[in-house]
2 protein chains.
Amino acid sequence: MSIDRKALILQAATLSFVQFGYKATTMDQVSRIANVGKGTIYTFFKTKEELFEEILDKASQELMSVMNRVAAEQTTFVHNLLNLLDSILEFRSDHELFVKLAQEVRDIGTAQALEGVKRMEAYALDFLRQQIEEAIGSGEVKPCDSSVAAFMILRMYLALTTEWNKSHEPLDKNRIKEHMILFISTGILL
Amino acid sequence: MSIDRKALILQAATLSFVQFGYKATTMDQVSRIANVGKGTIYTFFKTKEELFEEILDKASQELMSVMNRVAAEQTTFVHNLLNLLDSILEFRSDHELFVKLAQEVRDIGTAQALEGVKRMEAYALDFLRQQIEEAIGSGEVKPCDSSVAAFMILRMYLALTTEWNKSHEPLDKNRIKEHMILFISTGILL
DNA sequence: AATTGACTAAATTTAATTTTTGGTCACTAA
DNA sequence: TTAGTGACCAAAAATTAAATTTAGTCAATT
């Protein structure tokens with residue numbers, strides 16, 4: 001059996017999407033990085049979008065797997081949330097794709113990048129909503145609109161990890177965690 | 001004494017900036033709305049930017065005055081914050097300019113609009129930071145980085161008032177207040 | 001002295017042209 | 001025979017050129 005060209009292509013494309021975003025990634029470049037002819041890419045993927053989709057699928061699956069692993073631990077809601085935060089902040093590969101795509105949406109508004117961001121956000125929001133729902137059921141969390149609460153938690157996370165950096169020095173992981181706890185777990189008040 | 005042409009111009013320009021944003025507001029249009037010759041504008045304002053600055057000053061002053069009025073009430077921190085929220089959500093005139101400029105920054109990235117947004121944000125952030133600082137001093141709020149906490153509160157507010165609307169039905173004022181309380185005052189946990 | 005609107009230079013938008021890129025397919029090497 | 005290739009093409013994007021719009025001026029007019 002010869003080398004797994006599909007894997008090479010996926011690897012090269014992932015690298016390029018993370019580094020340059022959707023639009024600035026050309027099929028020529030991918031073929032060059034992967035050391036295959038351009039035509040070869042099209043024996044595995046119908047279009048550039050399909051290639052992107054498959055990478056997005058993989059990233060989503062990894063995100064899901066992280067989330068499921070965290071959820072399976074069955075500790076408290078806050079603990080789960082912080083574990084999830086840790087996992088995402090530590091293993092940045094998916095996170096980086098997400099950040100790069102978000103930046104591309106902001107800068108040039110590429111439709112496919114927007115789709116990608118929306119998709120990953122949807123997974124995260126759904127997971128959070130579910131966790132909150134359960135925690136409300138078990139009496140751990142106050143009754144509230146779980147969709148809105150999930151949305152706020154995600155926005156807080158994005159505010160601290162990406163928006164803050166636009167006008168300040170980046171916060172380190174622990175500061176981020178501390179401030180998330182401050183609002184979510186006990187409120188800012190004494 | 002003849003009519004106050006400067007006031008007419010300021011009024012017309014404000015209307016136009018709120019409605020169309022910085023870039024899409026032309027000096028011709030302002031002069032037409034104000035019923036003055038275009039040259040007249042330049043007897044009061046050196047440039048379009050200066051005209052914009054003066055309107056921004058006015059909006060900032062009004063925001064400051066709302067914030068000071070709220071701060072003077074000397075009730076609890078949460079109460080002050082909610083009063084401020086109410087004031088801003090009810091008297092939307094400044095808020096509308098802010099929202100319009102934020103949209104312009106998002107859509108076409110006008111430099112002057114960005115400056116305007118930054119400036120109004122800076123006032124709000126500074127006020128919040130000060131309030132938090134005081135509340136920490138009086139033992140009402142947990143010791144924390146007041147800049148980061150102020151930033152998070154503002155982002156939450158913006159998330160609920162503008163970002164949520166991109167993918168959902170707008171939340172009404174009371175839902176917004178409720179959810180702000182949920183995170184700030186007592187935390188989401190029971 | 002205060003106000004104006006036709007006027008101009010500069011900036012923005014639109015149209016035309018060139019370059020780049022996604023996707024194909026006749027061909028090659030294994 | 002077949003997996004793999006890269007020159008090739010149409011379509012899209014970037015660049016350049018032409019046309020339009022607009023900020024700001026100033027001689028003329030109240």
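**Figure 1. Burial and contacts in chain A of the predicted model.** Of the 190 residues of chain A in this predicted model, 33% count as buried. Contacts between residues at least 6 apart in sequence were also examined in chain A, and 55% of them join residues at least 24 apart.

**Figure 2. Helices of chain A.** Chain A contains nine helices and zero strands. Its elements follow the order α-α-α-α-α-α-α-α-α along the sequence. The C-alpha trace of chain A spans about 65 × 40 × 25 Å along its principal axes.

**Figure 3. Residues 26–45 of chain A, annotated in UniProt.** An unreviewed UniProt entry places the feature "DNA-binding region" at these residues of chain A. In the model, the span from 26 to 45 of chain A is 75% helix and 0% strand. The C-alpha atoms at its two ends lie 14 Å apart.

**Figure 4. Helix α5 of chain B, residues 77–90.** This helix of chain B has 14 residues, which at 1.5 Å a residue should span 20 Å. The end C-alpha atoms of α5(B) are 20 Å apart, in agreement with that expectation.

**Figure 5. The buried face of α5(B).** Asn80(B), Leu81(B), Leu84(B) and Leu85(B) are the buried residues of α5(B). Seen down the axis of α5(B), these residues fall within an arc of 135° and therefore line one face of the helix. An α-helix has 3.6 residues a turn, so residues three or four places apart point the same way. The buried residues of α5(B) pack against three helices of chain B: α4 (48–72), α7 (111–137) and α9 (173–184).

Notes: Residues numbered from 1 in each chain as written. Chains lettered and ligands numbered in written order. Predicted model: local features only at pLDDT ≥ 70, side-chain atom pairs only at ≥ 80, totals over all residues. Helix = DSSP H or I, 4+ residues; strand = E, 2+ residues; numbered from the N terminus. Buried ≥ 20, exposed ≤ 12 C-beta atoms within 10 Å, placed from the backbone. Contact = placed C-beta atoms within 7 Å. Expected span 1.5 Å × (residues − 1). Arc of directions from axis to C-beta. UniProt positions renumbered as here; feature names shortened; annotations may be inferred.
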